[in-house]
Amino acid sequence: MSKGFVVSLLGLLAAAGLVLGQTPELPRPAAPPGPYLEPPPPEAGRWLGSCWDCMPVFDGPDRPFLTLDAEYLLWFVQAERPENTLTTQAFDGTTDPTGLNLRHRRRRPIPGGRFSLGYWWADYDPALPPRFRLPYAGVEVTGFFLVERSDHVESAADPTLLRPFFDINNRTPAAVLVAAPGLATGNVSADAAFNFWGVEANYWHNVFENSPSTTARVDVMVGFRHLNFASGFRVDRQTLFTPNVAALPAPLQFLAGSQLEEFDAFSTRNHFYGGQVGLNAKLYFVGAIFSADLKLALGTNDQELRIDGGQLRTDPDGTQTTFRGALLALPSNIGRYRRSRFAQVPEANLNIILPLSRHITFVGGYNFLYFNRVIRAADQVDRFIDITQIPNFPTGGALPTGQGRPGVLFRERGLFVHGANIGVEFTW
């Protein structure tokens with residue numbers, strides 16, 4: 001167990017002790033003996049303006065109440081930055097190839113949803129409208145999801161298609177032939193996708209309130225959070241070689257009339273589990289409430305990487321032979337791999353809260369979340385390859401290097417997620 005994890009755990013436990021050790025000020029003023037027949041004076045409920053009658057009915061300081069929030073999300077997710085996997089021009093080794101790549105091309109926000117269910121103990125401020133309830137403590141469970149985003153790209157109708165890599169046996173750039181005039185016809189397609197969701201459970205407790213006639217409140221929180229971020233991509237290639245043996249270079253003549261179908265597939269999954277602490281501040285204005293909260297989760301990210309690949313060769317006589325591996329996925333890196341790393345997840349939320357009726361409140365705002373030490377599928381591609389592993393590739397008598405390339409990289413990066421939210425809160 002790393003020292004960083006121990007220190008962070010001790011910090012979380014200390015913060016939790018401070019939160020749970022807080023108690024509301026005593027004695028709390030009693031609720032009015034019965035419902036008011038007239039609205040309170042303007043100065044008593046000035047921050048609520050004329051909406052005091054819209055607030056939920058208050059039945060006493062000790063009676064808890066429930067809240068249900070439903071929000072629509074429009075979040076931007078940091079795009080992957082994979083290297084190109086296909087070139088549409090001759091690869092001469094002097095310039096980087098360009099062409100089909102797996103970058104998520106769309107920059108539009110990704111829709112999703114967030115739902116929260118809260119159970120709160122009510123506070124009472126005699127200077128506020130008697131129908132209005134302020135929670136001094138409560139438990140809230142929140143879950144969110146983003147709609148799965150996927151992209152599909154195909155190679156253009158170009159007569160020359162190559163899949164580039166670096167040949168570590170000969171220490172030179174090289175490429176696998178997909179299509180070339182007079183030699184072969186073929187195409188390459190690629191699919192990439194990711195999804196993101198999470199759930200958390202928190203205990204909130206009020207630590208500051210400028211009562212009476214509340215205009216500002218501060219709450220602290222301790223809880224648990226789980227996040228799940230998964231991504232994957234797959235590259236498919238089909239090549240049909242000309243049956244004219246004489247037209248093919250000598251190293252490729254054994255493939256005359258044959259068809260090759262292959263795929264490379266990479267997928268990753270990140271499971272974060274950790275404790276978190278947070279702080280929420282609210283300012284009350286005429287007819288509106290401004291809310292800001294900060295959260296910090298510390299815990300373990302269980303990372304999982306899966307790599308698979310295969311090739312099917314169909315000879316002119318119909319004989320089919322399968323091979324393990326294609327180009328990016330080969331015997332040296334094919335498999336399922338797991339490891340755990342200490343991770344941090346800070347989050348910030350800014351919201352405007354507008355009471356609409358006694359039981360319905362509008363919520364709108366902005367969210368920012370950062371998930372460090374995330375593995376994403378496109379980052380796991382190792383383009384340095386031992387050519388003796390590539391099925392049906394002319395090796396020219398090269399010997400295995402013993403370096404195990406392509407390898408299992410487990411490259412990490414931070415994940416930024418931000419965007420807007422709009423929704424409603426129901427109180428009863």
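Start by selecting strand 6 and strand 7: these two run antiparallel and are joined by 25 bridges. Keep in mind as you go that this is a predicted model. To get your bearings, zoom in on G198, which stands opposite L227 in strand 7.

Now add strand 3, residues 134–154, to the selection. Strand 3 pairs with strand 6 in the antiparallel sense, over 16 bridges. A handy spot to check this is H152, which stands opposite D191 in strand 6.

**A small stop inside**

Stay with these strands for a moment. How many cavities of 30 Å³ or more does the count come to? There are two. The one to visit here is the second largest, with a volume of about 30 Å³. Select T142, G143, F144, G198, V199, E200, R225, H226 and L227, and you have its lining on screen. Strand 3, strand 6 (184–209) and strand 7 (216–241) each supply at least two residues of that lining. Colour the lining by class and you'll see three nonpolar, four polar and two charged residues. G198 and L227, the facing pair from the start of the tour, are both among the lining residues.

**The open sheet**

Next, pick strands 5, 4 and 13. Together they make an open sheet of three strands in the order 5-4-13, with mixed pairing. Which strands stand at the edges? Strand 5 (172–179) and strand 13 (384–385) do, each with a single partner strand, so one side of each is left without a neighbour in the sheet.

Strand 4, residues 161–167, runs antiparallel to strand 5, and seven bridges join the two. Look for L162, which stands opposite L177 in strand 5.

While you're on strand 4, show the side chain of R163. R163 forms a salt bridge with D264, and their closest N and O atoms are 3.1 Å apart. R163 lies in strand 4 and D264 in strand 8, so the pair ties together parts that are 101 residues apart in sequence. The count for the model comes to 18 salt bridges.

**Out to the surface**

Strand 8 also takes you to the next stop. Turn on the surface and select L283, F285, F290, L350, I352, Y366, F368 and F416: they form a nonpolar patch with about 690 Å² of accessible area together. Strand 8 (259–285), strand 11 (335–355) and strand 12 each supply at least two residues of the patch. F290 lies in strand 9, residues 288–314.

**Strands 12, 14 and 1**

Follow strand 12 (residues 360–374) to strand 14: the two run antiparallel and are joined by 13 bridges. Click on V363, and its bridge partner in strand 14 is G423. Then bring in strand 1, residues 65–77, which pairs with strand 14 (residues 413–427) in the antiparallel sense over eleven bridges. Here T67 has T427 as its bridge partner in strand 14.

**Two backbone oddities to finish**

Most residues other than glycine have a negative phi, and most peptide bonds are trans. With that in mind, select R373 in strand 12. R373 has a positive phi of about 60°, although it is not a glycine.

Where should you look for P406? Go to the loop between strand 13 and strand 14. The peptide bond from R405 to P406 is cis, with omega near 5°.

Notes. Residues numbered from 1 in each chain as written. Predicted model: local features only at pLDDT ≥ 70, side-chain atom pairs only at ≥ 80, totals over all residues. Heavy atoms only, no water. Pairing = 2+ DSSP bridges. Helix = DSSP H or I, 4+ residues; strand = E, 2+ residues; numbered from the N terminus. 1 Å grid on protein atoms, 1.4 Å probe; cavity = no way out; pocket = protein on both sides within 12 Å on 5 of 7 lines; lining within 4 Å. Points joined across faces, edges and corners; volume = space filled by probe spheres on them. Nonpolar A, V, L, I, M, F, W, Y, C, P; charged D, E, K, R; others polar. Patch = residues over 30% accessible without salt bridge, like charges linked within 9 Å, V, L, I, M, F, W, Y side chains within 5 Å. Areas by Shrake-Rupley, 256 points an atom, 1.4 Å probe, with all protein chains shown as cover. Salt bridge = Lys/Arg side-chain N within 4 Å of Asp/Glu carboxyl O.
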